[in-house]
Amino acid sequence: MAVRYYEGVGRRKESTARVRVMEGSGLFTVNDKPLEEYFTRFGDIEAILAVLEAYGRNRSAFDITVKVKGGGVTGQTDSVLLGLARSLVKYDPESVSVLRKGGFLTRNPRVKERKKPGLKRARKAPTYTKR
C-alpha cells in the first residue's frame, strides 16, 4: 500500500528543508530525530507548530518528516517553517489565504552579503589613518 504524502521545500539563508506531510498519528521527525530533540532552542518548536495552529489542525492529525541541511539553527527553523506551510498548501489548496495572512508562505529574502574588494568584510573598511 502506497502512502500518499505532500512535499514542500523551504529555504532560508544557506539552509534547505524538504518537508513531507501525510495523514497519520502525530509523528514529527527532523533528520530521523524527534522534533523536540533536534530543535532544542527556546521558541523554535512553537514557531514551527504555529503553522499547524494557523491551519486549524493539531499536530496529531499528521505524520511529518523533515530532511534539513545547511545553515544554522535560525535558518533551519525558518526553512522548516516555510516547507511545512508549502506542503500544507499542496495537501489543501484552500488553506493558502489563511497561511498567507499569517505570513507563513513568504520566503525571507535576507542572505549574507558578499565581501567586497578593499574591505575587511562586506561593509567594514580598514581603519583610516591620516599619517
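These exercises walk through a predicted model of a protein.

**Exercise 1. Work out the order of the elements and the overall extent of the protein.**

Step 1. Count the elements. The secondary structure comes to four helices and five strands.

Step 2. Read them from the N terminus. The order is β-β-β-β-α-α-β-α-α.

Step 3. Take the box along the principal axes. The C-alpha atoms fill roughly 75 × 30 × 30 Å.

Step 4. Compare with a globule. A compact globule of 131 residues would have a radius of gyration near 14 Å, but this protein has 19 Å.

Step 5. Look at burial and surface. Buried residues make up 35% of the 131 residues. The protein exposes about 8,600 Å², and carbon and sulfur atoms supply 53% of that area.

Step 6. Check the contacts. Among those with a separation of 6 or more, 65% join residues 24 or more positions apart.

**Exercise 2. Find the strands that pair with β2, and give the sense of each pairing.**

Step 1. Start with β1, residues 6-12. Strand β2 covers residues 15-23, and the two pair in the antiparallel sense over seven bridges.

Step 2. Inspect the link. β1 and β2 form a hairpin with two residues between them. K13, in the turn, has a positive phi of about 55 degrees.

Step 3. Match residues across the hairpin. R11 stands opposite T16. G8 has V19 as its bridge partner.

Step 4. Move to β5, residues 62-69. β2 and β5 also pair in the antiparallel sense, over eight bridges. Here E23 stands opposite F62.

Step 5. Sort the faces of β1. Its covered face holds Y6, G8, G10 and R12. E7, V9 and R11 lie on the uncovered face.

**Exercise 3. Trace the aromatic pairs of Y91, and say which elements they tie together.**

Step 1. Set the scene. The structure holds four aromatic pairs.

Step 2. Take Y6 with Y91. This pair is edge-to-face, at 5.3 Å centre to centre, with 80 degrees between the planes. The angle passes the cut-off, as edge-to-face needs over 60 degrees.

Step 3. Place both residues. Y6 lies in β1 and Y91 in helix α3 (residues 73-91), so the pair ties together parts that are 85 residues apart in sequence.

Step 4. Test Y91 for burial. Its relative accessibility is 17%, so Y91 counts as buried. The cut-off is under 20%.

Step 5. Take F62 with Y91. These rings are edge-to-face too, at 5.2 Å centre to centre and 90 degrees between the planes.

Step 6. Place this pair. F62 lies in β5 and Y91 in α3, so it ties together parts that are 29 residues apart in sequence. F62 is buried, with a relative accessible area of 0%.

Step 7. Join the pieces. Y6, Y55, F62 and Y91 form one aromatic cluster.

**Exercise 4. Decide whether S15 is buried or exposed, and list what surrounds it.**

Step 1. Locate S15. It is found in strand β2.

Step 2. Read its accessibility. S15 has a relative accessible area of 1%, so it is buried.

Step 3. List the contacts, leaving aside neighbours within four places in sequence. S15 touches G10, V68, K69, G70, G71, G75, Q76 and S79.

Step 4. Look for a polar partner. A polar atom of the S15 side chain lies 3.5 Å from the backbone oxygen of G75.

Definitions and conventions. Residues numbered from 1 in each chain as written. Predicted model: local features only at pLDDT ≥ 70, side-chain atom pairs only at ≥ 80, totals over all residues. Heavy atoms only, no water. Phe/Tyr/Trp six-rings, centres within 6.5 Å; stacked < 30°, edge-to-face > 60°. Buried < 20%, exposed > 50% of the residue type's maximum accessible area, 1.4 Å probe, protein only. Pairing = 2+ DSSP bridges. Polar contact = N/O pair within 3.5 Å; in protein donor to acceptor, adjacent residues only side chain to side chain. Contact = heavy atoms within 4.5 Å. Rg over C-alpha atoms; globule rule 2.2 N^0.38 Å. Areas by Shrake-Rupley, 256 points an atom, 1.4 Å probe, with all protein chains shown as cover.
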